[in-house]
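The exercises below are to be worked through with the sequence and the model at hand. Each task is followed by a solution that goes step by step.

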Amino acid sequence: MSELINNREHHIPEQTRRQELLKEIIKELHQGKSVEEVKARFEEAVGDVTVSEISQLEHALMEEEGIPVSEVQRLCSVHTAIFKGSIEEIHAPHSGQPEDQPGHPVHTFKLENREIERLLNFTISLHIDKFMKHDEEEIIFKLVEDLNLLLDVDKHYSRKENLLFPYLEKYGIYGPTKVMWGVDDGIRAMIKEIKANLMNYNSDKDTMKMDLDRMIKEVNEMIYKEENILMPMALQKLTEDEWVKIAEESDEIGFCLTAPNEKWIPARAPSPETVYANTATVETKGEGKDKANDGAEAGEAFSTPQGFVKFDTGVLSVGQLEAIMNVLPVDLTFIDENDVVRYFSHGERIFARTKAVIGRTVQNCHPPQSVHIVNELLADFKAGKKDVEDFWIPFKDKFVFIRYFAIRDEDGRYMGTLEFTQNIAPIRALEGQKRIMS
């Protein structure tokens with residue numbers, strides 16, 4: 001009987017066997033075993049683990065085993081400690097590869113990571129040492145300034161979440177993106193909380209140092225996960241044209257502590273003008289040349305696509321309609337009846353939007369922690385329980401009013417949801433009256 005069992009095991013695909021072993025080990029961590037208790041078994045039973053297997057593991061834990069995203073996020077740092085040194089791609093040579101060329105998104109991510117590491121492991125660490133010796137106001141202010149700089153990591157994480165994650169999801173990779181986005185949000189919140197505690201310092205040096213050390217550890221761990229799990233996986237999946245599009249749209253979100261000093265234009269990729277034309281134009285019949293009935297003459301610097309839209313109250317060219325939508329001092333985003341993002345305006349942007357979100361489900365455009373709110377709102381709209389929902393929040397130097405409207409056809413059937421976002425701080429500040437032009 002044992003021989004039969006061994007024969008069956010022999011015929012189990014190696015990748016499947018390794019996945020099951022990995023899953024068992026992570027589940028043991030989930031059940032409370034320590035890293036040291038499972039590390040020896042991991043090294044003996046699994047050996048080198050690949051990036052794709054980590055991706056499949058995280059997906060399996062959530063989808064097949066029912067472990068919630070929040071729990072996988074909690075385990076993420078623990079199992080990273082086990083995986084360190086076992087990922088075969090860590091030392092893979094990349095000399096001469098596109099991702100080593102300035103301007104390539106991966107090159108830029110790594111460039112930023114080096115700056116983040118310098119800030120964390122040199123500047124902030126030095127100031128922590130001084131703080132522990134003398135917790136004076138001057139050194140506290142230096143730490144606050146350091147954290148103000150570190151908050152720039154939001155741009156690094158936002159490019160990852162709004163540009164890279166949508167492409168990975170198109171290839172069916174969801175687990176790592178959900179887990180990593182949640183950890184990113186945890187880091188953002190941690191930095192803000194520590195900064196607030198420093199600004200209201202209560203003389204508890206030991207607790208402050210513990211919090212700062214934990215922050216440094218978490219951000220360093222994220223750098224490790226990006227460069228040894230996320231980036232290699234993305235480089236395996238994404239096409240050159242997709243990387244070009246990510247590079248082209250990165251400026252809209254911005255960069256962290258540094259920026260690429262040149263554009264990345266690979267020899268086989270389309271020119272920037274072609275990329276812009278392919279990603280930015282509205283798909284209509286006869287687009288590409290201006291005609292007199294568009295209100296534009298040949299040779300003008302700005303050209304619009306052909307086509308007209310007939311409303312009950314008038315007719316607009318596609319170019320006129322797009323110009324109107326983009327001049328409105330609000331953010332507009334429309335998702336269809338299947339929760340897929342179909343359109344956003346280029347008006348007064350408040351929250352980051354890139355063209356990569358088009359065709360993405362709205363649930364994957366939000367951090368895992370807030371998806372349940374999105375789903376509840378959409379469920380109410382689809383069931384006809386609500387037609388509008390409003391939120392308002394302070395955000396940086398703005399006061400943001402966010403409105404959601406259920407869009408329905410003449411028969412009341414649900415067609416989608418419109419998100420309307422506006423900075424109303426200037427409106428709230430109005431007083432008196434104004435009756436003449438300035």
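**Exercise 1: a strand and its partners**

Strand β6 (residues 398–408) and β7 run antiparallel and are joined by nine bridges. The model is a predicted one, and the tasks should be read with that in mind.

Task: Establish which strand pairs with β7 in addition to β6, and in what order the strands of the open sheet stand.

Solution. Begin with the pairing already stated, in which Arg403 has Phe420 of β7 as its bridge partner, while Tyr404 stands opposite Glu419 in β7. The connection between the two strands is a hairpin with five residues between β6 and β7, and Gly412 in the turn has a positive phi of about 85°.

Next, take strand β3 (residues 331–336), which pairs with β7 in the antiparallel sense over six bridges; here Ile335 is found opposite Thr417 in β7.

With these pairings in place, the order can be written as β4-β3-β7-β6-β5, an open sheet of five strands with antiparallel pairing. The edges are taken by β4 (341–344) and β5 (388–395), each of which has a single partner strand, so one side of each is left without a neighbour in the sheet. From one strand to the next, the twist averages 15°.

Finally, consider the burial of β7 (residues 414–423): seven of its ten residues are buried, so the strand is largely enclosed by the rest of the structure.

**Exercise 2: positive phi in two loops**

Task: Asp339 and Lys396 each have a positive phi in a residue other than glycine. Determine where each residue lies, and decide for each whether it is buried or exposed.

Solution. Asp339, with phi near 70°, is placed in the loop between β3 and β4. Its relative accessible area is 10%, which is under the 20% cut-off, so Asp339 counts as buried.

Lys396, with phi near 55°, belongs to the loop between β5 and β6. Its relative accessible area is 70%, which is over the 50% cut-off, so Lys396 counts as exposed.

**Exercise 3: a helix pair**

Task: Describe how helix α6 (residues 105–133) and helix α7 (residues 137–150) pack, in terms of angle, distance and contact residues.

Solution. The angle is about 165° and the axes are 10 Å apart. As angles over 145 degrees count as roughly antiparallel, α6 and α7 are therefore roughly antiparallel to each other. The crossing of α6 past α7 is left-handed.

The residues that make the contact include Ile116, Leu119, Leu120 and His127 of α6, together with Ile139, Leu143, Asp146 and Leu150 of α7. Sorted by class, the contact of α6 with α7 has twelve nonpolar, two polar and three charged residues.

**Exercise 4: two buried helix residues**

Task: For Val219 and Ser250, find the helix that holds each residue, and list the contacts of each beyond its neighbours within four places in sequence.

Solution. Val219 belongs to helix α10 (residues 205–237) and is buried, with a relative accessible area of 1%. Its contacts, leaving aside neighbours within four places in sequence, are Ile116, Leu120, Tyr157 and Ile187. From C-alpha to C-alpha, Val219 and Ile187 are 7.0 Å apart in space, although they are 32 residues apart in sequence.

Ser250 belongs to helix α11 (residues 240–253) and is buried, with a relative accessible area of 6%. With its neighbours within four places in sequence again left aside, Ser250 is in contact with Arg159, Leu163 and Phe255.

Methods:
Residues are numbered from 1 along each chain as its sequence is written. This is a predicted model: local features need pLDDT of at least 70, side-chain atom pairs count only at pLDDT 80 or more; totals for chains, interfaces and linings use all residues. Side-chain values use heavy atoms; hydrogens and water are left out. Axes are lines fitted to C-alpha atoms, for helices over the stretch in contact, and angles run from 0 to 180 degrees between N-to-C directions. Angles under 35 degrees count as roughly parallel, over 145 as roughly antiparallel, 65 to 115 as roughly perpendicular and the rest as oblique. A crossing is left-handed if the near helix is turned anticlockwise from the far one by less than a right angle, and right-handed if clockwise. Contact means heavy atoms within 4.5 Å. Ala, Val, Leu, Ile, Met, Phe, Trp, Tyr, Cys and Pro count as nonpolar, Asp, Glu, Lys and Arg as charged, and the others, Gly among them, as polar. Buried means under 20% relative accessible area, exposed over 50%, partly exposed in between (1.4 Å probe, protein chains only). Two strands pair if DSSP finds at least two bridges between them.
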